[in-house]
Every structure is written in structure tokens, then in C-alpha cells.
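Here is a short briefing to read alongside the model. Take a look at the fold before turning to its charged side chains.

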Amino acid sequence: LYQISSILMPGPTTLSPLERQMLQARSRLQQEMPDVGNIPVEPMGWLDRLIAGTKDRLSPGSRVQALAHPMSGKVSYSPRAMENQSQAEVEDTLAHELTHVRQGKEAYGAKSLLGRLGVAAKSLMEPTLPYGQRPDELEAFQTESDRQLAQGRAPGVRPTFLTPGFSE
């Protein structure tokens, strides 16, 4: 009977340091960004890892830490890429991705599935700017910079219009 009850009702699980950081980041960002602070945040699945790996190969020297899924309204993160980040860096990354979720809510809103697919198809057909010059990325990095300044920290990565990508 003890074995069966321990299987059905396992004891408390121990959170990893990164899981504790993510919980603390979510708690803080729920206060800062209440309109999107309650969305699901989870480790990347196989499809997310495939997307992140492709993005990494297309942008040498970069490493995708997290992905926002604006249509579904969730964020996935790479435990491997985020494991050595400070609490502030984890929060900044999550704030960046939550900005993309907010952008998705504005773009997709209460549209039907067909309407959402139409918005997605239209965005794929539009000419794309380099990553660091896209309006959605500029807004997300501005969110990070605003947080950093409000907390008395120097802004981190800044977009540049001289070359594609970012200069630090």
C-alpha cells in the first residue's frame, strides 16, 4: 500500500535553480506586465529546439534563449542557454518575450483561426528587415532597456542601424 500511495501521491519535488529563477521572474513580471504576465512559460519542446537551432545557425554568434509564440500566447525557454544567467537577465529575457506576446495579442486579437493564419501569412510575405531593425524587436529591446534603467542598471544590448544585428 505504501508503494502505491507514493506513486499516486509523490512527495514534494525540488526545483532547480533555473526553475526558481523562472518562478521569481514570472512573479515580478506579473506585477510589471499584468496584461501578459500570466501566460504559460515552459522549457522548450522538440519543435522549439528545432526553431531555436535554425535561428542560431542563421545568426552566427547568437544563441536563442527563449521564444515567444504570439498566436498561442506562450513563451518557451532554453534551459541550456539560460542556466548561467543572473536573475535580472532572466527577467529581462522574459520581459522581452512577453512584449512579443503582447504584440501578438494586438495583431491577432480576437480573430478566428482563419484570420490568425491570414495575419501570419501576410507577415511572412512582407519584406523583412534585419533582426535588429525590425519594429517588433526594437520594441522588445526597448522594454528591456526601460526595465534596466528603472532598476538603476545600464542598458544592455542595443540595436544598431549600421550593420544587421546588434552592437554592445
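**Salt bridges and their setting**

Arg102 has a relative accessible area of 22%, so this residue counts as partly exposed. Please keep in mind that this is a predicted model. Arg102 is a good way into the charged pairs here, as its side chain takes part in a salt bridge with Asp35.

**The pair Asp35 and Arg102**
- The closest N and O atoms of Asp35 and Arg102 are 2.8 Å apart.
- This pair links distant parts of the chain, with Asp35 in the loop between H2 and strand E1 (41-43) and Arg102 in helix H5, 67 residues apart.
- Asp35 is partly exposed, at 40% relative accessible area.

**The pair Glu91 and Arg28**
- Glu91 and Arg28 form a salt bridge, and their closest N and O atoms lie 3.6 Å apart.
- Glu91 belongs to helix H5 (residues 87-108) and Arg28 to helix H2 (residues 17-32), so the salt bridge ties together parts that are 63 residues apart in sequence.
- Is Glu91 buried or exposed? Its relative accessibility is 3%, and because buried means under 20%, Glu91 counts as buried.
- Arg28, on the other side of the pair, counts as partly exposed at 38% relative accessibility.

**The pair Arg147 and Glu32**
- Arg147 and Glu32 meet through their side chains in a salt bridge, with 2.8 Å from N to O.
- Distant parts of the chain are linked here too: Arg147 sits in helix H7 (residues 135-150) and Glu32 in helix H2, 115 residues apart.
- Arg147 counts as buried, with a relative accessibility of 6%.
- Glu32 has a relative accessibility of 35% and counts as partly exposed.

**The wider set of salt bridges**
- How many salt bridges does the structure hold? There are eight salt bridges in the structure.
- A network of salt bridges links Arg28, Glu32, Glu91, Asp92, Arg147 and Arg153.
- As general background, side chains of opposite charge can pair when their charged atoms come close.

**The chain as a whole**
- The chain has seven helices and five strands.
- Read from the N terminus, its elements follow the order α-α-β-α-β-β-α-α-α-α-β-β.
- Of the 168 residues in the chain, 33% are buried.
- Taking contacts between residues at least 6 apart in sequence, 60% join residues at least 24 apart.
- The chain has an accessible surface of about 10,900 Å², and carbon and sulfur atoms account for 59% of that surface.

Key:
Residues numbered from 1 in each chain as written. Predicted model: local features only at pLDDT ≥ 70, side-chain atom pairs only at ≥ 80, totals over all residues. Heavy atoms only, no water. Salt bridge = Lys/Arg side-chain N within 4 Å of Asp/Glu carboxyl O. Helix = DSSP H or I, 4+ residues; strand = E, 2+ residues; numbered from the N terminus. Buried < 20%, exposed > 50% of the residue type's maximum accessible area, 1.4 Å probe, protein only. Contact = heavy atoms within 4.5 Å. Areas by Shrake-Rupley, 256 points an atom, 1.4 Å probe, with all protein chains shown as cover.
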